[in-house]
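Here are a few short exercises to work through with the model open beside you. Try each task before reading its solution.

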Amino acid sequence: MNVAEWIIVAILSTTLLLLLILAIILIIKLINLSKEVEKVVIEGQDIAKNTNGIVSNIKGMTSIGGTMEMFVDKYINPKLKSIMKEKEKKDERK
């Protein structure tokens, strides 16, 4: 082999060596990243469980709110409307 071929082989081998080293570093970083993603997923699942507990508590509160709304609509609003009609009639008389 002459000198030009040796130079080309040396350049190619150093380029291959650099690419292999970079690939190994990238694989290690990706493995560490996947471990971090796993931690984030586990934390997200914990947050979802806590959120479900909060939602069930609020659901219990809103059922009382719904009952109170029905009570107000059924009993209090008709009485208020009748009182308002009586006041209007009194105002018309004056």
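## Exercise 1: A charged pair

K39 and E36 form a salt bridge, with their closest N and O atoms 3.6 Å apart. This is a predicted model.

**Task.** Work out why K39 and E36 are separated by about one helical turn, and how exposed each residue is.

**Solution.**
1. Begin with the distance: a salt bridge needs a Lys or Arg side-chain nitrogen within 4 Å of a carboxyl oxygen of Asp or Glu, and the K39–E36 pair has its closest N and O atoms 3.6 Å apart.
2. Next, look at the spacing. K39 and E36 are 3 residues apart in helix α1, so about one helical turn separates them.
3. Now check accessibility. K39 counts as exposed because its relative accessibility is 53%, the cut-off being over 50%. E36, at 44%, is partly exposed.
4. Finally, search the whole structure: the total is 1 salt bridge.

## Exercise 2: Two surface patches

**Task.** Find which residues make the nonpolar surface patch and which form the positive one.

**Solution.**
1. The nonpolar patch covers about 610 Å² and is made by M68, F71, V72, Y75, I76, L80 and I83.
2. Take I76 from that patch: this residue lies in helix α1, which spans residues 3-93. I76 has a relative accessible area of 36%, so it is partly exposed.
3. The positive patch is formed by K81, K85, K87, K89, K90 and R93.
4. Take K81 here: K81 is also found in helix α1, and its 57% relative accessibility makes it exposed.

## Exercise 3: The whole chain

**Task.** What are the helix and strand counts, and what percentage of the residues is buried?

**Solution.**
1. Counting elements gives 1 helix and 0 strands in the protein chain.
2. Of the 94 residues, 0% are buried, where buried means under 20% relative accessible area.
3. To finish, the chain exposes about 8900 Å², and carbon and sulfur atoms supply 70% of that area.

Definitions and conventions
Residues numbered from 1 in each chain as written. Predicted model: local features only at pLDDT ≥ 70, side-chain atom pairs only at ≥ 80, totals over all residues. Heavy atoms only, no water. Patch = residues over 30% accessible without salt bridge, like charges linked within 9 Å, V, L, I, M, F, W, Y side chains within 5 Å. Areas by Shrake-Rupley, 256 points an atom, 1.4 Å probe, with all protein chains shown as cover. Helix = DSSP H or I, 4+ residues; strand = E, 2+ residues; numbered from the N terminus. Buried < 20%, exposed > 50% of the residue type's maximum accessible area, 1.4 Å probe, protein only. Lys, Arg positive; Asp, Glu negative; His and termini not counted. Charge placed at Lys NZ, Arg CZ, Asp CG, Glu CD.
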